[in-house]
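Q: Please take a close look at one part of this structure, its largest nonpolar core. What is it built from, and where does it lie?

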Amino acid sequence: MTRQAYEAVVLGASAGGVEALLYLFGALDSGGCRLPLIAVQHLPEKAQSQLAEILAARLKRPVREAEDKAPVQPGVLYVAAPGYHLSIENDRSFSLSSEAPVNFSRPSIDLLFESAAHAYGPKLIGVLLTGANEDGSAGLEQIAQYGGLTLVQEPAEAAVACMPLAALQRFSPDHVLRLRDMAELILRLEEVHAE
Amino acid sequence: MPERTAEIELRLLLEAIFLKYDYDFREYSLASLRRRVQQALRQLECASISELQARVLHDPAGFMQLLQYLTIPVSEMFRDPEYFRGLRQHVIPLLRTYPSLKIWVAGCSTGEEAYSMAILLREEGLLERSMIYATDINPLSLERARKGIYPLTQISGFTRSYQAAGGASTFSDYYTAAYDGALFDKSLRDHLTFADHSLATDSVFAETQLISCRNVLIYFNKQLQNRALGLFHESLCHRGFLGLGSKESLNFSSYGKQFETLLRDEKVFRKL
């Protein structure tokens, strides 16, 4: 196994995702994870605007709504703003877009993943969790094509298995894991490089 | 590395467009542009960006088709009603003090925001002494804006936003429904000038009191965003107003210290 210094984790989740994200982020926080975490969680627009607050109340790390042109910083959890697509530019800053919804979603997980694959190449970890639609599978495949590490939540554990299954039908991700093992793997990979 | 090749092709395409047609997309945010070019490839049935480049270089009509993908023709009336409510409550009272008003809607796309502004000014009794300059780089969008006809299917959404924005009248007073379109009042149109202007290559054309440029700067990289803000700063009169999109800010630009925040949530700024 090559020693790959990962620089960011992008995550996508839909139905059942808030609980899954809280569990995963909690475990990553306890393990002292310093990687920037960048998440798209599908929600109705009104709930979306409260997501950062909900997560911040339960987590140690700083949580921010990703702002247009803001640089990605280590140790921070970023969530996408409601009503806008979130992308990452090659200089590792965020950009927003008000283009039409993709996969009926704005923000769309595919758009975040595809742009992050370009920006980070093999230094990226992509995580696709529970959800009732197929957003994210194309983006996750692109992360794999660009050499990044792809993790999919074990469908049996997911509150809604559609999204993980859509990814598994599309390609073979590196790992299909329960959330607990996923957190462990990310922490271990980070530790390997901190040495 | 196929992705590396595609990035080179994309840069070459933007350079070719600039050299041939003077449209400058070279400093647009790449993530979104890359995606829109991929959409264009599918729709225009080109196998690669290089093939698309050859097509647009030799065929101006093909370029006009591509331009529809490179620009983002997404707009609606009274979008983010709280923005217009903020203007009505906090900016209009100050605009009243000017004998005549020039307002710039930059990146107006198909004109919905410019008509919204005209309606707001009409209701506040300011339209008669106002001229609204609404600019864009896409000639097809400008043509639609000049017509002032919008699909009837959109009108119920526009009406809701108009009411939420604090509309003082009945929205249907402003248009005539015919077939499947709503034609907006000619007397609004008399105070609107739709013109071709590029924030990337053109300069300031008038002194203005208010500039509204919403969800345009998000498609630019930092350098181009700074260029556009420079134009706005130069165009605005002393203590003039600048309105941005609901998730836009001056925080990551070089103009953060040259404007003060008037309305934080509604994203209205004032020149210092």
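The answer below starts with the core and then turns to the chains around it.

A: This is a predicted model. Its largest nonpolar core holds 132 residues. Five of them touch the most other members: A:Val79, A:Leu112, A:Ala116, B:Ala114 and B:Ala118. Helix H4 of chain A, residues 109–120, gives the largest share of this core, with eight residues. Chain B takes part through both of its domains, domain 1 (2–70) and domain 2 (81–271). Both give residues to the core, so the core lies between them.

Now zoom in on A:Ala116. Leaving out residues up to four places away in sequence, A:Ala116 touches A:Ala8, A:Val10, A:Ile88 and A:Leu124.

Next, the two domains of chain B. Their C-alpha centres lie 29 Å apart. Domain 1 of chain B brings nine residues to the contact, and domain 2 of chain B brings 11. On the domain 1 side, the touching residues are three nonpolar, three polar and three charged.

Step back to chain A. Chain A has seven helices and nine strands. Of its 195 residues, 51% are buried. Take the contacts in chain A with a separation of 6 or more: 70% of them join residues 24 or more positions apart. The C-alpha trace of chain A spans about 40 × 35 × 30 Å along its principal axes. Why does chain A agree with a compact globule? A compact globule of 195 residues would have a radius of gyration near 16 Å, and chain A has 15 Å, so the two agree.

Technical notes:
Residues are numbered from 1 along each chain as its sequence is written. Chains are lettered from A and ligands numbered from 1 in the order in which they are written. This is a predicted model: local features need pLDDT of at least 70, side-chain atom pairs count only at pLDDT 80 or more; totals for chains, interfaces and linings use all residues. Helices (H or I, at least four residues) and strands (E, at least two) are DSSP runs, numbered from the N terminus. The radius of gyration is taken over C-alpha atoms; the globule rule is 2.2 Å times the number of residues to the power 0.38. A residue is buried if 20 or more other C-beta atoms lie within 10 Å of its own, exposed if 12 or fewer, and partly exposed in between; C-beta atoms are placed from the backbone. Two residues are in contact if their C-beta atoms, placed from the backbone, lie within 7 Å. Domain bounds come from an automatic or database domain assignment. Ala, Val, Leu, Ile, Met, Phe, Trp, Tyr, Cys and Pro count as nonpolar, Asp, Glu, Lys and Arg as charged, and the others, Gly among them, as polar. A nonpolar core is a set of buried Ala, Val, Leu, Ile, Met, Phe, Trp, Tyr and Cys residues joined through C-beta atoms within 7 Å.
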